[in-house]
Amino acid sequence: MDTKPLESFAKAARRELIVAVEARVSTVLAAGSVARSERAETVRLLESLIADHGREHVIDKVAYTWFNRLIALRFMDSRGYTDAGIVSPASGQAHGQPEILADAKRGDVDTEVVTNASAHEAIIGLLDGTRRSTDAEGEAYALLLTEYCRYWHKTMPFMFEAEGAYTELLVPAGLLADGALLSRAREVLTEEVCDDVEVIGWLYQFYISERKDEVFAGFKKNKKAGADEIPAATQLFTPHWIVRYLLQNSLGRLWMLNRPTSQLVDQMDYYIAPIEEETDFLRVSAPEELTVIDPACGSGHMLTYAFDLLYSIYEEEGYAPSEIPSLILAHNLHGTEIDPRAGALAAFALSMKARAKDRRFFNRPEVQPKICVIEPISFTPDEIDLLVTKDGDRNAEESLWNQFRDADTFGSLIQPDPDATVQAALVLKGLNDLEATLHYDTLNRARLAVAQAEILSTTYSVAVANPPYMGSKNMDARLAEFAQSEFKEAKSDLFAMFIQRCLTLTVPHGATAMITMQSWMFLSSYEELREKVVRLSPPVSMAHLGERAFDSIGGAVVSTTAFVLEPGRSAVRGADFIRVVEGENEAAKRTALLKGAQSADCVWRYAASSEDFAKVPGAPIAYWLSDGMRATFSAFPALSSRSRSAKGLVTANNDAFVRYWWEVASSRIGFGYSDRDSARSSRKRWFPYAKGGEYRRWAGNIDSVVDWESDGLRIQTTLTADGSRVRATNFNLDRIFRPGIAWTVVTSGPQTFRKVPSGSLFDAAAGLCQSQSDDVHLGVLNSSVASEILATVSPTLNLHPGYLGSVPVSSAADNDAFQENVHAAVATSQADWDDYETSWGFTRLSWFGDFAGRGSLWQRYFLWSKNQKSTADEQQTRETRNNRLVAEAYGLQDEVPIDVPLHRVSLTRNVEFRYGPGKSEAEYETLERADLAAELITYAVGCMFGRYSLDEPGLILADQGATLQDYLTKFSTSSSSDVTLMPDADNVIPFVDDVGLRTMSSKAFENS
């Protein structure tokens, strides 16, 4: 389905409807308005709602309500479910007014629909001119639309309200205009598009997308999400292929286990058939026993596909086709939602599914979709007096009745006690005699509370969900407190809380099928949840999707996984895992998943059990690991037992405390100080600062300095705005100035590790690892074995010290040959880093020094470039040797890649690394020569300004206010004739056409 037209339409519709409803509200509430005289009670209700919730909230709600209704009516028109087009022209006409209006113009008004005599009279009067109006057709159509909404209320009360609703006063004006909402709805929602009820879900997502953007913009300003923000912030429509995978391997799987010869398998392309015989499964004797709940159902996409599967199951069992839709809605499908408008769409979508299979479904109003919008309900102390039992625990019963106080925020995460719910229902039954008293409203709300509790305290054969995603930092105080008290193992994110909740909604040996963020599989913050899941509800199957599984989310924004868990499953039983993280879009992932599901021999399909996961520290769901790789964690000690890893310094204000080294006076930088005392007594202000950086192994990536004058006095004493504490954190005072290993904590690519010599501090962006065996650890961490291990323990963008510490280290790698290879790799990488002016170790251009006197500049370049190629090849050999030595030490030489591609050898002088692989020699030469020309220019400028000299290597003048005399002093001379090139006296190099204005420096530059 091409969703772009739907997106444009829904976004524009929201904006237009909000404006139109705002105008109607102003008209209705104006003093002396017609509505005040004819519908006074309804106007008072509207005013009360605005007073309670705010004008903007009410307008947004009404706009959304009318959008839902108009879309629903257009869908039914296109499917032929209405006797006459309510928002569409007559069948066969592409353009024109709605059919019901055209009929009314001819005096034909359906009296079964328009039952109100005064409304009928008003419609006819407006259209025949006997009733004056500035917009007769618009007013007549608004009356017709209102009557038709009342009519459909009898069949679909969740979508269309009864007579007297305040939304009747707020019918948007201008619906009949050319290019207005109705005509665009007809253009977008064609009969072909409406063949699939999935369109309802897409419209829901796109309608609220701008509101979602507003909420996320608020998150950046530290605003928190509550009841008004959660629906928009957490909505994400699930692609149909993921829905199919989840339900085929949960609902479909349960049926196939109970009916092994069922033909249902023929329509389940994503079904993963058990390889081993299953004997311990949920027994189902009839289709009615297959109950499904989606506790965050949104627009009902999961449930509509469940309807399809269930219909086939009933049909296969011999049920009458006309009875099946009602049986499914009555017995099988359940959904809960906190957004009333989404809940209405879900119920509507299921009703459309039923109507498609049963032409008489609308004549069965007693059958309604079981979609429950979880409403906030609470009771006053006086009301509680009525509801509590005489001999019961008042506090417990009061908590029971008020458990839905914040239901518009907590929703189906609320976990009612089943026994207490039964008791509450009995209490209400005993109060039936008070129905006709002043307690009517209290009892009505109490019944609703019990109904909600019954839904949420029941267990189901299948719980399926694409739950909301929201980290704890964006939760408001109530939700964060609720998460802490009710979902300790899962409090970090809403999706994790829903994993835990869905498991409690599932019967033993049923199925919990979900699509969530993949982070719960690996992160330490979910370790308790993960261990509980693999121990008590092990996976049956998983489709590990990674990034880009949702085309509606551009780029690598979220990494996801779809899975089916089975409460009570044995931890020794294997599960199937299909790894499709490599696909660049939905189509690629869908194709790969399909192949993996249909072929047990597929190379990206794996088998693993919960017992396997427990062999790795933290029990990550590392299904792809070989037995040999898993064994390393028990065979060798962890890096944390041989070293200390930590997060680096957080200055809390890098703009104030951190500089590039060339931005400050060289004389104020303290290089090479090995401890705090010597650094303090040096009276230097700036010291080397490792901050992470780009992909680079072995050495380099240090070009910053940090203000650590007087042992970091400024950083260690700068307070927060309120003066309550020091702003900076993680000083690591016992570790600074010591040598160590650094890495870039946050990176989207493979991790690389670098040796940091003594004299440096470490930033939070560059973790630090220190030991007595840094060279050994550096070699191990830069190996392909460590890359595989880190992909297991920390497959996300962040490599925190705790994850690094879990890497096993084999003592067999600690030998002279291994260390010599590491030393050579570090030296080569450092020399490469120092070959650029951005390194404080830079002395002079390498192609000037070693190749001086070897002919022309071109000849020097040719020899130099050939030498750089040789250096890159030698480093490639060292890295390959490092991989082999480490793999042999771990016994994994047949399981990890050994060879290193030249373009991954991270020397900047390596043209394949710098410019990327796959270019011709001529292309590399052109790129390299262009960059060398730029380096020559900057070096020449440095010589002319006295920063460098042709006579001495390294920095000469690098302090503000330095003079030519300072320059000569560096050479122990007072005469400019003793140096090859004197710096320009005024530090200016003009480039002008007038020869007379050229200075010695500009002429020297040109001549060079």
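Me: Why is Tyr890 called buried in this predicted model?
Reply: Tyr890 has a relative accessible area of 6%. Buried means under 20%, so Tyr890 counts as buried.

Me: What makes the pair of Phe636 and Tyr890 edge-to-face?
Reply: The ring centres of Phe636 and Tyr890 are 5.1 Å apart and the planes stand at 70°. Centres within 6.5 Å make a pair, and planes over 60 degrees apart make it edge-to-face, so both conditions are met.

Me: Why does this pair tie together parts that are apart in sequence?
Reply: Phe636 lies in the loop between α27 and β10, while Tyr890 belongs to helix α36, so the parts joined are 254 residues apart in sequence.

Me: Why is Tyr319 called partly exposed?
Reply: The relative accessible area of Tyr319 is 24%. Buried would need under 20% and exposed over 50%, so Tyr319 falls in between.

Me: How do you know that Thr238 is buried, and what does its side chain contact?
Reply: Thr238 has 5% relative accessibility, which is under 20%, so it counts as buried. The side chain of Thr238 makes a polar contact with that of Asn466 at 2.9 Å, within the 3.5 Å limit.

Me: What makes Arg579 count as a charge over the ring of Trp624?
Reply: The charged end of Arg579 sits over that ring, 4.3 Å from its centre; the distance limit is within 6 Å. Trp624 also belongs to a cluster linked by ring pairs, including Phe577 and Tyr623.

Me: Why are β11 and β16 called edge strands of the open sheet β11-β13-β12-β16?
Reply: β11 and β16 each have a single partner strand, so one side of each lacks a neighbour in the sheet.

Terms used:
Residues are numbered from 1 along each chain as its sequence is written. This is a predicted model: local features need pLDDT of at least 70, side-chain atom pairs count only at pLDDT 80 or more; totals for chains, interfaces and linings use all residues. Side-chain values use heavy atoms; hydrogens and water are left out. Buried means under 20% relative accessible area, exposed over 50%, partly exposed in between (1.4 Å probe, protein chains only). A polar contact is a pair of N or O atoms within 3.5 Å; within protein, one must be able to donate a hydrogen and the other to accept it, and residues adjacent in sequence count only if both atoms are side-chain atoms. Two strands pair if DSSP finds at least two bridges between them. Helices (H or I, at least four residues) and strands (E, at least two) are DSSP runs, numbered from the N terminus. Rings of Phe, Tyr and Trp (its six-membered ring) pair if their centres lie within 6.5 Å; planes under 30 degrees apart count as stacked, over 60 as edge-to-face and the rest as tilted. A charge sits over a ring if NZ of Lys or CZ of Arg is within 6 Å of the ring centre and within 35 degrees of the ring normal.
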